[in-house]
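Reader: I should like to test the vocabulary used for this model, term by term. Could you set each value beside the rule that earns it its name?

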Amino acid sequence: MATSPKRLASLPSLAHLRVLAAVAQHGSATRAAAALFRAQSAVTRSIREIEQALGEPLLERRATGMVPTAVGRTVLDRNARVFGELEELASWCAAGQPRARTAVAPAVPSYLLNTRRLQLLVALARHRHMPTAAHALGISQPAVSAAIRILESGAGFPLFDRTTSGLQPTEAGEQFVLQVRRALNELRHIPDDIAAVKGSIRGQVVVGGLPFARTRILPEAVARVSRSHPGVRVVTDESAYEILAADLRAGDVDFIFGGLRAADMASGFRSERLMSEAMVVLARSDHPLAASKGLALARLGRQQWILPRAHTPARTILDDVFARARVRTPEPAVETADLAMIRGLLLRTDMLAILPAQQLHYECQTGSLAVLDIALPGTERDIGLTLRTTGEPSPAARTLIEAIRSVVAEMAAAAT
């Protein structure tokens, strides 16, 4: 399948990486060839091609056999994660197949060992329209169709339903694509892992930035990383938490920074608490209530409010606050989590908003907004990092995570 490298990112060959793992395991091309039922010349050629593609020697030839170099060990570490995902996918597919078909099935069957084919699958699942996917990838529509047929034949079930409105992934197809996305996202980290061994931190980091993170902490951390490691590119995703969680689960998002969710531990995620932040009531600095002391929620009931959207964690916290004060939660004049919208409304009206002060830190610091003198007990919320339980962040992602930890630690020290 001929593709344009500008349209389809070049990733290491899965077939060559399987050969690399076999040679490292058996210590020689001859023994690896026997284990893989391949000619020794084919094994040697695969090693040469993967070393050329990655630009580094991966195996050291010794009299006693072949052993991984330092770079080779790093590649093999990531490779184990890639093939772990594919082995899990192959086992899941095989579980639904007749016994005769799967009795001697390899850990990762050959239909899953074509990197480009898996990239085509992910593109088609995204576009859900074969001509659009083919155009986006710069290949012919029959080439995409052939790749999907091979994958469906190997999986033993349809990956897509063909409808008049386009292709829709089947329920099994959704799970299949999710596992493939995880494998490809692990695969894309290999060049950056190699660069880290050579002393250079580079690559793209995709951060799911929840509202709390986007004002002060994340910008400062990104600025530090950009100064120290100009080869790192940071992409922030401001989608709703549910979308970010789905992309984190697939590996498209490297980590989420912001308010922690109690259910994360049970959903394949691990959380790291970095700090806690209580909510405050904010108003413009010359608001009629800005100079009042000892305010109570009951007095604010007739004010116009900007509140978080219904059914969000922040809104649930606020509903509990009003309930404990035996005050009915006010009907919001505006429901939004958009900080630009909240800032604009607070500065132009007598509306009040409840949110962590960090989210509008600079407006409070310059005096354009004021924190009203009212206690909101029970509104503390844990802030931190959410990552996948399995999987290893890229060197660039780990560097940004360390920068975030440092910024939070410095803020805590300054506050004491």
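Reader: Which residues lie nearest the centre of the second largest pocket, and what makes a space a pocket and not a cavity?

Author: The residues nearest the centre of the second largest pocket are P211, T312, A314, A337 and R381, out of 32 that line it. On a 1 Å grid over the protein atoms alone, a pocket is an open set of points with protein on both sides within 12 Å along at least five of seven lines, whereas a cavity is a set where a 1.4 Å probe fits but cannot get out; a residue belongs to the lining if it has an atom within 4 Å of a point. This is a predicted model, in which local features need pLDDT of at least 70 and side-chain atom pairs count only at pLDDT 80 or more, while totals for chains, interfaces and linings use all residues. Residues are numbered from 1 along each chain as its sequence is written, and side-chain values use heavy atoms, with hydrogens and water left out.

Reader: What is the volume of the second largest pocket, and which elements supply at least two residues of its lining?

Author: Its volume is about 640 Å³, where a volume is the space filled by probe spheres set on grid points that are joined across faces, edges and corners. The elements supplying at least two lining residues each are α12 (241-250), β10 (305-307), α13 (313-324), β12 (352-356) and β14, and β12 gives the largest share, four residues. Such labels follow DSSP runs, helices being H or I over at least four residues and strands E over at least two, numbered from the N terminus.

Reader: How does the lining of the second largest pocket divide by class?

Author: It has 18 nonpolar, six polar and eight charged residues. Here Ala, Val, Leu, Ile, Met, Phe, Trp, Tyr, Cys and Pro count as nonpolar, Asp, Glu, Lys and Arg as charged, and the others, Gly among them, as polar.

Reader: How many cavities of 30 Å³ or more does a search of the whole structure find?

Author: The search finds one, and the largest cavity has a volume of about 180 Å³. Of its 16 lining residues, the closest to the centre are E186, D254, R388, E392 and P393, and the elements giving two or more residues are α9 (171-187) and β14. The lining divides into four nonpolar, six polar and six charged residues.

Reader: Why is strand β7 called largely enclosed?

Author: Five of the five residues of β7 (residues 255-259) are buried, so the strand is largely enclosed by the rest of the structure; buried means under 20% relative accessible area, exposed over 50%, and partly exposed in between, with a 1.4 Å probe and protein chains only. G65, which is found in strand β2 (residues 65-68), has a relative accessible area of 14% and is therefore buried too.

Reader: What makes β7 and β14 paired strands?

Author: Two strands pair if DSSP finds at least two bridges between them. β7 and β14 (residues 381-388) have four, in the antiparallel sense, so they meet that rule. Strand β5 (residues 203-209) is joined to β7 by three bridges and runs parallel to it. I256 illustrates both partnerships, as G208 stands opposite it and its bridge partner in β14 is T386.

Reader: In what order do the strands of that open sheet lie, and why are β6 and β8 edge strands?

Author: The order is β6-β5-β7-β14-β8, with mixed pairing. β6 (232-237) and β8 (269-277) are the edge strands, in that each pairs on one side only. Neighbouring strands of this sheet are turned by 20 degrees against each other on average, direction ignored.

Reader: What is the order in the open sheet that contains β10, and which helix lies across β13?

Author: The order there is β11-β10-β12-β9-β13, again with mixed pairing, and its edges are β11 (334-335) and β13 (369-371). α13 packs on this sheet, touching β9, β10, β11 and β12, with its direction at about 130 degrees to that of β10. Helix α14 (residues 339-348) lies across β9, β10, β11, β12 and β13 and runs at about 140 degrees to β12. Contact means heavy atoms within 4.5 Å, and angles run from 0 to 180 degrees between N-to-C directions of axes fitted to C-alpha atoms, for helices over the stretch in contact.
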